[in-house]
Structures are given as C-alpha cells and as structure tokens.
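Visitor: I have a structure open here and would like to go through it with you. Could we take a handful of places in turn?

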Amino acid sequence: MGLTKAKKEKVDVMALNKPKIVILGAGYGGLMTVTRLTKYVGPNDADITLVNKHNYHYETTWMHEASAGTLHHDRCRYQIKDVINQSRVNFVQDTVKAIKIDEKKVVLANGELQYDYLVIGLGAVPETFGIKGLKEYAFPIANINTSRLLREHIELQFATYNTEAEKRPDRLTIVVGGAGFTGIEFLGELAARVPELCKEYDVDRSLVRIICVEAAPTVLPGFDPELVDYAVHYLEENGVEFKIGTAVQECTPEGVRVGKKDEEPEQIKSQTVVWAAGVRGHPIVEEAGFENMRGRVKVNPDLRAPGHDNVFILGDSSLFMNEDTERPYPPTAQIAMQQGITVAKNLGRLIKGGELEEFKPDIKGTVASLGEHNAVGVVYGRKLKGTPASFMKKVIDNRSLFMIGGLGLTLKKGKFKFF
C-alpha cells in the first residue's frame, strides 16, 4: 500500500532537513569516524558522505615495507566499500580541491558538496623544509604510488649495474634523509632487501652503500636511549652508515650535498635519494583559512576547529596538545583512530543533543620495526627489543585492521608470521 500524499510530503521534508555530514579522507581517522558514526547516528538522523581520492585505504604505517619491496603494495591496501556500511554511507571517489568554510561547501574535481558538519582528515604531505631539489629529485615514502615507484626504481638500479660498460657506484648508493620512525623502519626493510637484490642481480654486497643522513643529534629523537643504541647497532651491523648531526643541504640529479654546521659540505653521488624527514598537514587545510602551523590546526579539546563549531579536524591535519609536556602529540595512526571514535561520538551528540566529549589520548605503546623479525619499542611502559618487539608490532598492525574491518579484514590482510 503506497504512502498518502500528506505522509509522502512529510517524509520528503524530513529528508530535506536531515543534516549533511561530509568526511574528507579515508585515512585512519576518517575511516574510523565513518565506521563508528553509523552506530551513533541513525539512518533518519543524518546523511553521511565520505570523500576520498582513491577507492581504497592504504596502511600509511606499512609504506616503508612497500617502498623497500619487502611487502607487495597490494597487501597494504583494501577497498573502502568493503569496510563501510554502503546502505548508510555515500562514498564519493574524487579529489578535494578546496574547502569554503564560509559557504559550508567542499569543492571537488568533479563537483561540489554542501555540508552542515565537516570532518577533515586529509592526511599529510612530505615536508621538504625548503631544501633545494628535494621535491624534484628525492623519493618520498608517502602513499601506494610513491612506494611502488621507489621499489621499482631501486630494482632498476641493481638490474642496470652489470649491463653498463662502466659500472657506476652511484647506482648502488642509497641515501636516506631522516632517522625518525619512517626513516629507521625503511632502513630496516632495506637492510633485509639488499642482500636479496644482490643475489638476484649478481651484485657484490660490499659494493652497496646505504647512508642515513639525520640533522638531529640522535636517531629516533625522543626515543629511549637504550633502544636507540640497539637500533643503530643492528642497522650498522647490516650495512647502514649513519651521518648524525648532518643536514641535507641540496638534492640534485647526481645525488646530495650534506654537511654539519661550520664544516665543508660533502657531495654524495647517488641515483636513489629517499626523503623521510617529516611531513606537514595537507595544503588544502592551510588554503581554507584555518589558523594553522605547517598545515596542522590546533584543535579544541572536543576536536573542533577554533571558531568553527561544525568542523572537526583529526589525524595529520590536527594538532592536539599534550598538557603534561606542552608539546603536540605526534600524529600517529594510533591517535588518529582514537580521534575518529571521539569525533563520531561528538557528531552524534551534536545532532541528537548532549554534551560533547573531550579527546583523551590513550597511548598504549610505540614500536619501530627494524625489518620483519626485529624491532624496538615501549608497550604499556615496558621496553622491548628484538623478537618480542617485532611480535608486538604485528599485533598493533593487526589490531588496527580489526578495529576498522573486523575479523574478516584482519585474516585477509593481517601479519601472522611472528617468528
């Protein structure tokens, strides 16, 4: 039996009055928001739209493996539609071009979206600090495409080395800028991958140089010194050279110029320069007019942007202060996912009524991998290194998959080679 005219008009009015929630980015924070939001907001409470450039989510924290070639890039991603409630969420595959906060509008490459509530989780871009030539000649570890390109490039250098009349050492010299988490994890994978490449392409391992350049006075700044020493010693034993307190000054097609303060710069010839020395928030956040620091907005305790009660910002786009240290929390996947849960709850309370929740980070631990079977970290206050740390790293990775996609996704994409 069909609806009467009066009832149909009432339904249409309700549909028109439903607030529009637009979530930008299907990274850790955005996906966690959208998967939890359908639990806090009913189908008649709001229209939910998720916008992402690709039809897949990729595990940003696994990109060092894909870049080195120790894990295929397809293992590092999964389809967005496989983990969202498609009956409740409208997924739009498109590129965000601008956010018009005064007009409550998002401009896409192929259209526009109006919103009542906006969640910004657009992620980060590499930070080059204005160093000449980095953007043009260095390889970032940023996403599926950059990782695939880097892996193929490294393999090409090994494949080409013995085919040329003049064997060029710069083909077998790999320079990694940055000894933070991404740099160290990439070095760990590279140290494991290089012997395999040498065997495959008949290259003497002693001819290969892996050089890490770090401007800070230590590897893994802020990490436990004992664990730092363990990581450095392990990587050096596996052929990594460290130049600590040394800055990359310029990158060229021939390599890099590096140097310490008040010392003569050194030229390192290399066909493979990898930049892993930091990120900044997405430029669209800066262009939108939010007050920001390197593309990151210092959000309120409830994760809303100051002066914009209908805009939430999370992940790499946000800057959330640690009151104990008076410094911002590092933009980790762990924090982004926790922020996503808080944002979902607060959107529900804005729509249905109720006091908004303040975000309280719960840092369970931090682990940096040094290849498939080695790592260093602190979990629940306990220092770990070697196999136990590697085990926990895989547990953390699997937990991330489970929180977003449940058991099915974990079994499909998870890491279970613990020893």
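Guide: Let me begin with a term: a polar contact is a pair of N or O atoms within 3.5 Å, and within protein one of them must be able to donate a hydrogen and the other to accept it. Please also keep in mind that this is a predicted model.

Visitor: Fine. Which side chain does the side chain of His57 make a polar contact with?

Guide: The partner is the side chain of Glu59, and the polar contact between the two side chains is 2.9 Å. The side chain of His57 also reaches a backbone oxygen, that of Ala26, at 2.7 Å.

Visitor: And where does His57 lie? Buried or exposed?

Guide: His57 belongs to strand 3, which covers residues 56–58, and it counts as buried because its relative accessibility is 1%, where the limit for that word is under 20%.

Visitor: What does His57 touch, leaving out residues up to four places away in sequence?

Guide: On that basis His57 touches Ala26, Gly27, Tyr28 and Leu31, and also Cys76, Arg77, Tyr78 and Ile80. Ala26 therefore appears both among the residues that His57 touches and as the owner of the backbone oxygen that the His57 side chain reaches.

Visitor: Let me jump to Asn374. Where is the place of that residue?

Guide: Asn374 sits in the loop between strand 26 (365–369) and strand 27 (375–379). Although it is a loop residue, Asn374 is buried, with a relative accessible area of 7%.

Visitor: Which side chain is its polar partner?

Guide: The side chain of Asn374 makes a polar contact with the side chain of Tyr230, at 3.1 Å. Not counting residues up to four places away in sequence, Asn374 touches Tyr230, Tyr234, Ser369, Gly386 and Ser390.

Visitor: Ser369 makes me think of Ile184. What is Ile184 in contact with, leaving aside its neighbours within four places in sequence?

Guide: Ser369 is indeed one of its contacts, and the others listed with it are Ala179, Val219, Leu220, Leu235, Phe242 and Leu370. Ile184 itself is in helix 6, residues 181–201, and it is buried, with a relative accessible area of 0%.

Visitor: How many residues apart in sequence are Ile184 and Gly371?

Guide: They are 187 residues apart in sequence, while their C-alpha atoms are 9.6 Å apart in space. For another pair, take Asn17 and Pro217, which are 200 residues apart along the chain and have their C-alpha atoms separated by 57 Å. Asn17 lies in helix 1 (residues 5–17) and counts as exposed, at 57% relative accessibility.

Visitor: New topic, cysteines. How many disulfides does a search of the whole structure find?

Guide: The search finds zero disulfides. Cys198, for example, is in none, and the nearest cysteine sulfur, which belongs to Cys212, is 19 Å away. Cys251 is likewise in no disulfide, with the sulfur of Cys212 again the nearest cysteine sulfur, here at 15 Å. A pair would have to come within 2.5 Å to count, so neither of these distances qualifies.

Visitor: Are those two cysteines buried or exposed?

Guide: Cys198 is buried, with a relative accessible area of 6%, and Cys251 is buried too, with a value of 2%.

Visitor: What about the backbone, where is phi positive in a residue that is not a glycine?

Guide: Most residues other than glycine have a negative phi, and one exception here is Lys104, whose phi is positive at about 50°. Lys104 lies in the loop between strand 6 (96–100) and strand 7 (105–108) and counts as partly exposed, at 38% relative accessibility. Glu326 also has a positive phi, near 60°, and its place is in the loop between strand 24 (321–322) and strand 25 (327–328). Glu326 is exposed, with a relative accessible area of 67%.

Visitor: Last one, empty space. How many cavities of 30 Å³ or more does the structure hold?

Guide: The structure holds one cavity of that kind, and the largest cavity has a volume of about 50 Å³.

Visitor: Which residues line the largest cavity?

Guide: Its lining consists of Arg296, Gly315, Ser318, Phe320, Tyr329, Pro330, Pro331, Thr332, Ile335, Ala336 and Gln339. These lining residues divide into six nonpolar, four polar and one charged, and the largest share, three residues, comes from helix 9 (residues 333–352).

Terms used:
Residues are numbered from 1 along each chain as its sequence is written. This is a predicted model: local features need pLDDT of at least 70, side-chain atom pairs count only at pLDDT 80 or more; totals for chains, interfaces and linings use all residues. Side-chain values use heavy atoms; hydrogens and water are left out. On a 1 Å grid over the protein atoms alone, a cavity is a set of points where a 1.4 Å probe fits but cannot get out, and a pocket is an open set with protein on both sides within 12 Å along at least five of seven lines; lining residues have an atom within 4 Å of a point. Grid points are joined across faces, edges and corners, and a volume is the space filled by probe spheres set on the points. Helices (H or I, at least four residues) and strands (E, at least two) are DSSP runs, numbered from the N terminus. Ala, Val, Leu, Ile, Met, Phe, Trp, Tyr, Cys and Pro count as nonpolar, Asp, Glu, Lys and Arg as charged, and the others, Gly among them, as polar. Buried means under 20% relative accessible area, exposed over 50%, partly exposed in between (1.4 Å probe, protein chains only). Contact means heavy atoms within 4.5 Å.
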